[in-house]
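Subject: Structure handover and what was found in it

Dear colleague,

Here is the structure that I promised to pass on to you. Please look through the sequence and the model first, and then read the notes underneath.

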Number of protein chains: 2
Amino acid sequence: MSGDNKDRKNTGGRPLSRRGFLAGAGIGAGLGAAGAVGADRFLGPRDGEPAGDGDSQTVPFNGEHQSGITTAQQERMYFVALDVATDSRDELRDLLRTWTVMARRMSQGLEAEPDGSVGVDRNAVATDTGEAVGLRPARLTVTVGFGPSLFDDRFGLAAARPEELEDLPHFAGDQINEEISRGDLCIQACADDPQVAVHAARVLTKAGSGLVTVKWAQLGFGRTASTSITQGTPRNLFGFKDGTANLKNEYTNLINEHVWVHDGSWMDGGSYLCARRIRMLLENWDRQTRREQEEVFGRTKDEGAPIGREHEEDPMPFNEWHGTDGPLIPAHAHSRLASAPANDGARMLRRGYNFVGGVDEYGHLDAGLFFIAFVASPRDDFIAVQSNLSHHDNMNEFVRYESSAIFACPPGLVDDDDWWGRGLFERAT
Amino acid sequence: MSGDNKDRKNTGGRPLSRRGFLAGAGIGAGLGAAGAVGADRFLGPRDGEPAGDGDSQTVPFNGEHQSGITTAQQERMYFVALDVATDSRDELRDLLRTWTVMARRMSQGLEAEPDGSVGVDRNAVATDTGEAVGLRPARLTVTVGFGPSLFDDRFGLAAARPEELEDLPHFAGDQINEEISRGDLCIQACADDPQVAVHAARVLTKAGSGLVTVKWAQLGFGRTASTSITQGTPRNLFGFKDGTANLKNEYTNLINEHVWVHDGSWMDGGSYLCARRIRMLLENWDRQTRREQEEVFGRTKDEGAPIGREHEEDPMPFNEWHGTDGPLIPAHAHSRLASAPANDGARMLRRGYNFVGGVDEYGHLDAGLFFIAFVASPRDDFIAVQSNLSHHDNMNEFVRYESSAIFACPPGLVDDDDWWGRGLFERAT
């Protein structure tokens, strides 16, 4: 990977800090025994000390596809949907260029621009808000997407709108809050340190001050899927392992077929991001017996195995019966209805996160799953499945779909001069 | 430490899982290279592999004082304030006993009760909601406190109310939302893994179903203070190092004087928790020059050094002047007004967390600092300081105090038979 190496120093093979010039200075002082009491998010590990976690690592920014899609899923996420306030195509294009440069730097553990958090002098307003100074790169990825509304008549992009980029339909049972749905643009920032993710989205938003406004935002505190076979399957707030059957980045053929767009357009190599805020009605869920919960999922609670099987990885026995009592995996179990065989082979790359806020007027937790899926075809790989689920899923009694959004994430950045949307802006007239 | 060892197995010196009987089984399968891509939150590290972070560790539950106060501050927090719905003193007492037993187990990496997440059989409702099964202990602490309203006439506790346990006063500029303020009880769950913290508070809330209701809750995504000299000083969302002058658990004399109550009552060995949700007006802050920001804090943005000094640890030069331009540290700088010399020697143990939610009606981030301080005397160590700040602090232009709460946290658990509030319930009539 060729990166922006201006601030790089010889760090002895250790990851670069967000402030290269501070790495060797006093910022690590007082951290002597930090490793003994908690994850060392901060810089300055002693030589020879193992970093021990993903906080020290960077994810390549340039590539055929944007990072943050098949990247082994980070632990935390901050997602921001924005509306464009300017009507100037040139201002929007320049902002996307600026964002790309800044995100490229931040993903490598640098400030958004050189000396960005302190400004060129003490009397200047700084570009970088500074709260990630001293933190490790934490595998930050920043993924950008374009909503259907960006392709209205404001920016001359209407002719370039992909046919499949349209607002998701209303699904049965949806209780959508428009205030936290849709948007002209999205920024998905993922990292193993939440402060690094929040910082990245905030700095880009600040860079767009006057040009874009934040429509809604969502913090995800823990991943609920795995996008690599090297990761364990996490549990969602229902207490079940989530995403056992998810696509993994090692499944090259399936990823090519179901995640990446191949249409020869500016979206070639890109992917569609479908987002849904799914409130989980935990107080109701928590009153169900284990049997009832397992029949909702079609899997066991402890191992995450298919009902009637022992291991998480065992194939789902969709065609087996309990004598005459019905199928072993209930007809309306979530895992059956969401499966590829039940949906003409549809697959998606799920990349969702648990969230928790405060409480509602009944004292119930405002918590759940911020669902994100990346698909090559929203129609075939997402809408078909969600439509099926919306009518029949046993889980519907325990969830409430509160928001809905779709974004077209353009392909990756081919080199350090490339920027998000170049293909779109240079082709469309 | 004597713990509840019923589920313990020989784990070869490695930390116990939340499901002892799963530790040796298949749950670690598929994690082969997890260490290569991210923090390994999950169980089953290979023998000899360093854990590398605090996720694997436990904090002693029993002790002279509750854990979660001087404990080296964990990275994440979930805070829940509850109101008691029953009028029965016995039910309240029994709930506190149950909570203690459950929290003691969870702090050691166990489920809330044996086989708690799967229930005694498949047709039972489980006690433990299960989302922490397979996660490491992550230094979980659970700290419980009693609000002033618990000492009304419902439970016969009025005579036992400490004189200083009363609602915090209205401070100048406060814009308090009563819906996220006060409460009969609080649970502060801190851990290095947010899912572990959320789980603990949720399970205790579930155990109190019908007896308590959640009044408000707050997730903190990153610590903004250090409570041990072994920890680095983190940055708040203003991009500044926060809590340089905080009390550290190694300062035994100051901790004894300013954190622990010494009054011979049931609160002896306890501490008062003062909580304030401080919204930060980031969009406004981000438009200030570095000079203006530094003059608000009285410290430099990069190093966190006193203005005019080089190192974070340098003493504040409160008495130095810029020639005739005024004091080097501005008269109304936050660090001056909050300092011990400016407040008759008042000190507090700060243990706050950054938070971020969605956006408000103006598209501004609902983000800031969930401030928590532990003090021996709310009057002398907190109210006096906050009153001073509320009138004069340069920072007031950039913050909004949105909630306010105080809780009396009883002393620690002396042994495995002890429970939260035993001293209060057994003495008060």
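The notes below go from the model as a whole to a few places within it.

This is a predicted model, in which local features need a pLDDT of at least 70 and side-chain atom pairs count only at pLDDT 80 or more, whereas totals for chains, interfaces and linings use all residues. Residues are numbered from 1 along each chain as its sequence is written, chains are lettered from A and ligands numbered from 1 in the order in which they are written, and side-chain values use heavy atoms, with hydrogens and water left out.

Confidence comes first. The predictor gives the complex an ipTM of 0.89 and a pTM of 0.90. Chain A has an average pLDDT of 88, and 86% of its residues score at least 70, where pLDDT is the predictor's confidence in each residue on a scale from 0 to 100. Two stretches of chain A to read with care are residues 1–16, where the pLDDT is below 50 and the model shows 29 contacts beyond near neighbours in sequence, and residues 44–53, where the pLDDT is also below 50 and 17 such contacts are found; a contact here means heavy atoms within 4.5 Å.

Chain A contains nine helices and eleven strands, which are DSSP runs numbered from the N terminus (H or I over at least four residues for a helix, E over at least two for a strand). Of its 429 residues, 63% count as buried, and that word means under 20% relative accessible area, with exposed meaning over 50% and partly exposed lying in between (1.4 Å probe, protein chains only). Among the contacts in chain A with a separation of 6 or more, 76% are between residues 24 or more positions apart.

One place in chain A is Gly304(A), in the loop between helix H6 (290–297) and helix H7 (334–337). With a relative accessibility of 2%, Gly304(A) counts as buried, and, leaving aside neighbours within four places in sequence, Gly304(A) is in contact with Lys241(A), Arg299(A) and Glu312(A).

In chain B, helix H8 (residues 378–392) has 15 residues and reaches 20 Å from its first C-alpha to its last, close to the 21 Å expected, a figure that is 1.5 Å times one less than the number of residues. Its buried residues include Pro378(B), Phe382(B) and Leu389(B), and among the elements that cover the buried residues of H8(B) are helix H4 (252–258) and strand E9 (365–375) of chain B.

Glu164(B) lies in the loop between strand E2 (141–146) and strand E3 (185–191) of chain B and, at 18% relative accessibility, counts as buried. Its side chain makes a polar contact of 2.9 Å with the side chain of Ser377(B), and a polar atom of the Glu164(B) side chain lies 2.7 Å from the backbone nitrogen of Arg379(B). A polar contact is a pair of N or O atoms within 3.5 Å; within protein, one must be able to donate a hydrogen and the other to accept it, and residues adjacent in sequence count only if both atoms are side-chain atoms.

How many disulfides does a search of the whole structure find? The search finds zero over all chains, a disulfide being a pair of cysteine sulfur atoms within 2.5 Å. For Cys186(B), the nearest cysteine sulfur is that of Cys409(B), 5.1 Å away, and Cys186(B) is buried with a relative accessible area of 0%.

With best wishes
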